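Open the model in your viewer and keep the selection panel at hand. Each stop below says what to pick next and what is there.

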Amino acid sequence: MTWWRQAVFYQIYPRSFQDSDGDGIGDLRGIAGRLDYLAGLGVDAIWISPLYPSPMADFGYDVADYRDVDPRFGTLADFDALLAAAHGRGLRVLLDFVPNHSSDQHPWFVASRSSRQHAKRDWYIWRDPAPGGGPPNNWISDFGGSAWEYDAASGQYYSHAFLKEQPDLNWRNPEVVAAMHDVLRFWFDRGVDGFRIDVLWHMVKAADFADNPPNPAWRPGMADMLRVLQTRSTDQPEIHAVAADLRRIADTAGERVLIGEIYLPLDRLMTYYGTADMPGVHLPFNFSLIDAPWDAAGLARLIADYEAALPPGGWPNWVLGNHDRPRIATRVGPAQARVAAMLLLTLRGTPTLYYGDELGLTDVAIPPERVQDPRELREPGLGLNRDPVRTPMAWDGGPGAGFTTGDPWLPLHDDAATRNVAAQAADAGSMLSLVRDLLALRRAHPALSLGALEGVSGEDDVLRYERSDGGERLIVALNLSAGERRFALPDHVGMPRLLLSTVPPWRTGGEDGDGRTILLAPDEGVVLLDE
């Protein structure tokens, strides 16, 4: 069995996990110092958001050197030491691969921009102005404004799907492809276990550079990028051959994993698994839970539809949040965040846990003078600010919450003195203890990590499903309401035994009547073992 199928991934935003030198920014030595925590939590692999040298126009997603570590985070030697220490604890390590664009300070782009005749000119996407002047087409940056930046010295525009400081690489150029393949091999040769591929669906643009069609649903007050439908600037047919090449490199390197960041409708997402002849990434990220209404019937349909859409051999995966989207505890509240954790860690497939969600962290209000996110600075007030979900981890109740001895780069959450690892580790009823118990349960019961998913239903605010493997059957029931709810056990289930509840002190509301009906307390999720 491939290791990543039964693994739990843990995303680390390196600026915010642990600072080791007092500059207020997390670093690699800080992560290394917290590996025992991660191993004790029960995760199997860590994914570290970009750590490459960068001017930090977009906090590491503007890469100036794909084969080194930014001095803010440490050195290549620090990375090698972290990797060895993680492997020594049985933890795998994934990095971010940012192939759609580089920094405008990357030597490749500096050369490309220097002259129309330079050998690297075609490493980026350059176009003449439109007839009559102006950008070549109507493409819009995901951060607002035109996706084209004019270069007065050469009289052409270059494409940037994000900031103008992030020029798009030309993946139709074989030299670019070869150079980026070498980047993957460089890190695989160092022992990296896989990559999360940033904005995979953006990497290839339509060859004719035709306009994107207008979005009839756009209204004032919506993000600028939504004014058009990105049918020409993203998700082009040629991307699947690109993904297949990346997959072949990963497979040649051994048991490595590629995870694709892809925000697309379900039918288009599934094409990124590829085919037998042209395999895609191992795990196209499934973000459906992030935007889903917190409704039992709707979630049951979502889960069933996703499972039904998987291609033969396609392995599912689930996430509740990441460095770009609001935290789950903000979206559903602290009580239901516990239920959400049980959902994430008991569904079929590979889950990814975002740092701090195991503490029940919520989005942190960022004073205007401390806003860092370029997206918020470009389009303020639209709810696009990503800073609130990137704030420092709280390790204890002391100054700097154990994250730093200096001034943290973003403010801590207001209740850091009580909502921290040290406090929750000592509380058997805490969110952290619940997540640890859920992860231990996954390891103890293969039905939860590798077993079949059956009987998905959502009625009367209760989301239910069964996980089975061999002769073992577990029933998961999640009360998505703030009131008591009952559900009847299926006829094929005997007298189940409670394994875990989200409501301290880990007990259910009890059985009712003939013992075939289970009473769930408000905001309670349970895992039952059919005996």
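**Stop 1: a strand and the turn after it**

Select Ser 457. Beyond its neighbours within four places in sequence, Ser 457 is in contact with Ala 300, Val 462, Leu 463 and Arg 464. Bear in mind throughout that this is a predicted model. Ser 457 sits in strand β12, residues 452-459. With a relative accessibility of 16%, Ser 457 counts as buried.

Now step along to Asp 461. This residue lies in the loop between β12 and β13 (462-469). Check the backbone here: phi of Asp 461 is near 70°, a positive value in a residue other than glycine. Asp 461 is partly exposed, at 28% relative accessibility.

**Stop 2: another positive phi**

Go to Ala 401. Its phi is positive too, at about 55°, although Ala 401 is not a glycine. Look for Ala 401 in the loop between α12 and α13 (421-425). Is Ala 401 buried or exposed? At 2% relative accessibility, Ala 401 counts as buried.

**Stop 3: a helix pair**

Select residues 431-444, helix α14. Put a distance between its end C-alpha atoms: they are 20 Å apart. The 14 residues, at 1.5 Å a residue, should span 20 Å, so the two values agree. Colour the buried residues of α14 next; among them are Met 431, Leu 434, Val 435, Leu 438 and Arg 442.

Add helix α11, residues 334-344. Which way does α11 run against α14? The two helices pack at an angle of about 15°, with their axes 10 Å apart. That angle is under 35 degrees, which makes α11 roughly parallel to α14. Their crossing is right-handed.

Show side chains at the contact. From α11 come Ala 337, Arg 338, Ala 341 and Met 342. From α14 come Met 431, Leu 434, Val 435 and Leu 438. Helix α11 is mostly covered, with 9 of its 11 residues buried. The buried set in α11 includes Gln 336, Ala 337, Arg 338 and Leu 344.

**Stop 4: Asp 68 and the helices beside it**

Select Asp 68. You will find Asp 68 in the loop between β2 (45-48) and α3. Its relative accessibility is 28%, so Asp 68 counts as partly exposed. What does Asp 68 touch, leaving aside its neighbours within four places in sequence? The contacts are Leu 51, Tyr 52, Pro 53, Leu 76 and Trp 187. For a sense of scale, draw a line to Gln 372. Asp 68 and Gln 372 are 304 residues apart in sequence and 24 Å apart in space, C-alpha to C-alpha.

Two of those contacts, Leu 76 and Trp 187, lead to the next pair of helices. Select α3 and helix α5, residues 174-190. They pack at about 55°, with their axes 11 Å apart. That makes α3 oblique to α5. Leu 76, Phe 79, Asp 80 and Leu 83 in α3 meet Phe 186, Trp 187 and Arg 190 in α5.

**Stop 5: salt bridges**

Side chains of opposite charge can pair when their charged atoms come close. Here the count comes to 33 salt bridges. Visit three.

Select Asp 36 and Arg 89. Their side chains meet in a salt bridge, 2.6 Å from N to O. Asp 36 lies in helix α2 (residues 35-41) and Arg 89 in the loop between α3 (76-88) and β3 (92-97), so the pair ties together parts that are 53 residues apart in sequence. Asp 36 is exposed, with a relative accessible area of 53%. Arg 89 is partly exposed, at 38%.

Move to Asp 208 and Arg 232. This salt bridge is 2.8 Å, N to O. Both partners lie in the loop between β7 (194-197) and α6 (239-252), 24 residues apart in sequence. Asp 208 is partly exposed at 47%, and Arg 232 is partly exposed at 26%.

Next pick Asp 357 and Arg 327. Their salt bridge is 2.7 Å, N to O. Asp 357 sits in the loop between β11 (350-354) and α12 (374-378), and Arg 327 in the loop between β10 (317-319) and α10 (328-332). The pair links distant parts of the chain, 30 residues apart. Asp 357 and Arg 327 are both buried.

Finish by selecting Asp 58, Asp 324, Asp 373, Arg 386 and Arg 390. Salt bridges that share partners join these residues into one network.

Key. Residues are numbered from 1 along each chain as its sequence is written. This is a predicted model: local features need pLDDT of at least 70, side-chain atom pairs count only at pLDDT 80 or more; totals for chains, interfaces and linings use all residues. Side-chain values use heavy atoms; hydrogens and water are left out. A salt bridge is a side-chain nitrogen of Lys or Arg within 4 Å of a carboxyl oxygen of Asp or Glu. Helices (H or I, at least four residues) and strands (E, at least two) are DSSP runs, numbered from the N terminus. Buried means under 20% relative accessible area, exposed over 50%, partly exposed in between (1.4 Å probe, protein chains only). The expected span of a helix is 1.5 Å times one less than its number of residues. Axes are lines fitted to C-alpha atoms, for helices over the stretch in contact, and angles run from 0 to 180 degrees between N-to-C directions. Angles under 35 degrees count as roughly parallel, over 145 as roughly antiparallel, 65 to 115 as roughly perpendicular and the rest as oblique. A crossing is left-handed if the near helix is turned anticlockwise from the far one by less than a right angle, and right-handed if clockwise. Contact means heavy atoms within 4.5 Å.
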